[in-house]
Amino acid sequence: MASLSTKVKLYCTANSKTADFGPEGNVSLQDDSDGKGPYIASWSVDGLDKPTDAQLAAHDTAGDTEETNNTVRSTRKAAYGDIGDQLDEIYKDIDAWKVRIKAVKDANPKS
């Protein structure tokens, strides 16, 4: 099940808005550690009503995919290495670089 923050981001994006969870942000999530899980503590997204549970649940599958792809992106980024090193590798042997990058992508497919 996708996290609440991911579903809120997708809900806002689907409505052409942006969720900002920062200290001065327009959305605040809270978890009281009472076993009920996180919830929206404050909502001030201009021009968009706070989502209902059903509206958030509608983004659960897409949220799962987004979170899986974020993990894949992070894994790929670490495997690709520093961009400067990649540029040097491309300069020295672009074909070897292509093979290495394809192997990383094949080993870490996106959903």
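**Note on helix α1 and its surroundings**

1. In this predicted model, L56 is in contact with L4, K7, V8, Y11, I40 and P51, leaving aside residues up to four places away in sequence. L56 also belongs to the largest nonpolar core, as do L4, V8, Y11 and I40.

2. That core comprises 11 residues in all; besides those just named, its members are C12, A19, V27, W43, V45 and L48. Helix α1 provides the largest share, 4 residues, and both α1 and β2 supply at least two residues each. In soluble globular proteins, nonpolar side chains tend to be buried together.

3. Within α1 (residues 4-14), the buried residues are L4, T6, K7, V8, Y11 and C12. The list therefore includes T6, which counts as polar, and K7, which counts as charged. The buried residues of α1 pack against strands β1 (27-30) and β2 (39-43) and against helices α2 (53-57) and α3.

4. Two packed helices are described by the angle between their axes and the distance between the axes. For α1 and α3 (residues 60-80), the angle is about 110 degrees and the axes lie 9 Å apart; the two helices are therefore roughly perpendicular to each other. The crossing of α1 past α3 is right-handed.

5. On the α1 side, this contact is made by T6, K7 and L10; on the α3 side, by D60, A62, G63, E66 and E67. Sorted by class, the contact has 4 charged, 2 polar and 2 nonpolar residues.

6. Backbone geometry just after α1 also deserves mention: S16 adopts a positive phi of about 55 degrees.

Terms used: Residues are numbered from 1 along each chain as its sequence is written. This is a predicted model: local features need pLDDT of at least 70, side-chain atom pairs count only at pLDDT 80 or more; totals for chains, interfaces and linings use all residues. Side-chain values use heavy atoms; hydrogens and water are left out. Axes are lines fitted to C-alpha atoms, for helices over the stretch in contact, and angles run from 0 to 180 degrees between N-to-C directions. Angles under 35 degrees count as roughly parallel, over 145 as roughly antiparallel, 65 to 115 as roughly perpendicular and the rest as oblique. A crossing is left-handed if the near helix is turned anticlockwise from the far one by less than a right angle, and right-handed if clockwise. Contact means heavy atoms within 4.5 Å. Buried means under 20% relative accessible area, exposed over 50%, partly exposed in between (1.4 Å probe, protein chains only). A nonpolar core is a set of buried Ala, Val, Leu, Ile, Met, Phe, Trp, Tyr and Cys residues joined through side-chain atoms within 4.5 Å.
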